[in-house]
Amino acid sequence: MRSFDAIVLGAGITGTSAALHLQGRGLRVLLVDRDAPGEDATRGNDGLLGRDGYSPVPVPLTLPGIVGSALTRRRGFGIDSRSLPDLSRFFAECRLAAQPAAVARAARALAPLQAVAAAEHLALARAASALRFFRRTGWIKLLRSPRACELAEIDRHFARILGVPYSDLDAVEIVRLEPHLRSLEEAAIYWPESQSVSSPGGVAKAYGRLFRERGGEVEIGDAATLLDTRQGYALRTVRGEVGAPIVVLALGAGVTPVLARFGLSMPLAACRTYHRHFRAVSGVSLTRPVTDQEGGFTLTPMERGLRLVGGTELMSTARALAGVPVRANALHRAASIAKGLLPLGSAVEDLPVAGVRVFVPDQLPIVGEMPGMPGLWLSVGHMRDGFSLAPAMARLLADLVTDMLPLADPQPYSPSRFLVG
């Protein structure tokens, strides 16, 4: 059996960033996944490094609201009806996390990581020769309904508390920033410190190349073969059995069956979101991400065209991993709304592309060592900020693994807050 100091399971942006940071602390690291770095959820997000106040994703909390979202999508948010029995504890924890005091705690906990997220990304991008993907353009959130205005006031509240700059825009100011947006009567919030990238998958692949150039090893393997041993942990890859005293689970929704192998569980859900690229119309451009919360989508300029991201669907992790058929009706509706906002050309892909992420009830990442399982670490649940926060969370993880002064208070992210078993 070949031995390493640490094995990271999951080669998306989260796992690759973790592997780089552990490698930077002098550890010999093996990165294992079923695909090459930068595939799956990483290449399918909106590429946003959001620096806003704090705006948790609104989840239905009452029984009528949950059932309504399961039967008909509301504001682009749907729930897989067959997953409802498995999500009962998830929704119970969501109700606790939605209390005002809990939301305020979450905002304060996330603030130090949001503050350094862009800098941590740029440090890796500079080393990986990937700065060309990054753009300092800011981010526009459209307010097209009373519900959107209500959520925006939460944003403003925490932005004032945390010292995050923003500007309120009227219709004239929106078009001044984005001249090709069709005339709007709505308002918007502009977040000037937000950044975006032109290819999330390209960034993740560049980080993967940097990891290999620095001596890291990448192999194809199955996390379902993970076992605990006297020396730590072992699993099988295509090149044979490997082992290490430290294993990091950065598997997204795939973390659930791995935890089950050790008799552990958490009240996690899977969040499936769709994206599709549209060719640019001659003479029409977009320079920054634009989010329409009421329409349930974000429109972002990418290398392949204008990427429309939306159609959020909540389901059990088991259903997500089983490959529930793609149901992108919400994305089709979002595309119709988006075409009223900005002229879009023909679709690049024949069908929308789905990406799956973990949804944690309090919408904070889970980063830390598993209680009672020395050497087994988690880094999952970044949800909407997964791409943005991955390098910052990786730095926090490396701090904890190597007993360094942590970047932020790790207690709010501890796996123990949800662990069962």
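This tour proceeds through a predicted model by selections, each followed by what is found there.

**The six-stranded sheet**

Begin by selecting strands β11, β3, β2, β15, β22 and β21, in that order, which is their order across an open sheet with mixed pairing. At the edges stand β11 (217-220) and β21 (366-369); each has a single partner strand, so one side of each lacks a neighbour in the sheet. From one strand to the next, the twist averages 20°.

Within this sheet, restrict the selection to β15 (residues 246-249) and β22 (residues 376-380), which pair in the parallel sense over 3 bridges. To see one of the bridges, display V247 together with its partner in β22, L376. Then add helix α11 (residues 386-401), which packs on the sheet and touches β15, β21 and β22. The direction of α11 makes about 165° with that of β22.

**L113 in helix α4**

Select next L113, a residue of helix α4 (residues 100-127). Is L113 buried or exposed? Its relative accessible area is 0%, and L113 therefore counts as buried. Display A390 as well: 277 residues separate L113 and A390 along the chain, yet their C-alpha atoms are separated by 9.7 Å. Beyond its neighbours within four places in sequence, L113 is in contact with L389, A392, M393, L407, A408 and Y413.

**The four-stranded sheet**

Turn to the open sheet of 4 strands, selecting β1, β14, β13 and β12 in the order in which they lie; here too the pairing is mixed. Its edge strands, β1 (2-3) and β12 (227-229), each pair on one side only. Now isolate β13 (residues 232-237) and β14 (residues 240-244), an antiparallel pair with 5 bridges. For a bridge to inspect in this pair, display Y233, whose partner in β14 is A244.

**Helices α1 and α7**

Select helix α1 (residues 13-24) and helix α7 (residues 200-213). Their axes come within 9 Å and cross at roughly 30°. Because angles under 35 degrees count as roughly parallel, α1 and α7 are described as roughly parallel to each other. The crossing of α1 and α7 is left-handed.

To display the contact itself, show the side chains of the following residues:

- from α1, residues I13, T16, S17, A19, L20 and Q23;
- from α7, residues V203, A204, Y207, G208, L210 and F211.

**Strand β16 and its partners**

Proceed to strand β16 (residues 269-278). How many of the residues of β16 are buried? The count is 10 of the 10, so β16 is largely enclosed by the rest of the structure. Colouring the two faces separately shows that both are covered. On one side lie A269, C271, T273, H275 and H277, and on the other A270, R272, Y274, R276 and F278, all of them buried.

Add the partner strands of β16 in turn. Strand β20 (residues 353-359) pairs with β16 in the antiparallel sense over 7 bridges, and H275 has V353 as its bridge partner in β20. Strand β19 (residues 305-315) also runs antiparallel to β16, to which 8 bridges join it. Two positions may be labelled in this second pairing: Y274 has the bridge partner G310 in β19, and F278 has L306.

**Strand β19**

Keep β19 selected. In β19, 11 of the 11 residues are buried, so this strand is likewise largely enclosed by the rest of the structure. Extend the selection to strand β18 (residues 297-302), which runs antiparallel to β19 and is joined to it by 6 bridges. The bridge partner of L299 in β19 is L308. Between β18 and β19, a hairpin makes the connection through 2 residues. Finally, add strand β5 (residues 77-79), which runs parallel to β19 and is joined to it by 3 bridges. In this pairing, I79 stands opposite L314.

**Cysteines**

For the last stop, select the cysteines. The number of disulfides in the structure is 0. C94 is in no disulfide: the nearest cysteine sulfur belongs to C271 and is 11 Å away. For comparison, a disulfide requires the two sulfur atoms to be within 2.5 Å. C94 counts as buried because its relative accessibility is 4%. C149, at 37% relative accessibility, counts as partly exposed.

Definitions and conventions
Residues are numbered from 1 along each chain as its sequence is written. This is a predicted model: local features need pLDDT of at least 70, side-chain atom pairs count only at pLDDT 80 or more; totals for chains, interfaces and linings use all residues. Side-chain values use heavy atoms; hydrogens and water are left out. Buried means under 20% relative accessible area, exposed over 50%, partly exposed in between (1.4 Å probe, protein chains only). Two strands pair if DSSP finds at least two bridges between them. Axes are lines fitted to C-alpha atoms, for helices over the stretch in contact, and angles run from 0 to 180 degrees between N-to-C directions. Contact means heavy atoms within 4.5 Å. Angles under 35 degrees count as roughly parallel, over 145 as roughly antiparallel, 65 to 115 as roughly perpendicular and the rest as oblique. A crossing is left-handed if the near helix is turned anticlockwise from the far one by less than a right angle, and right-handed if clockwise.
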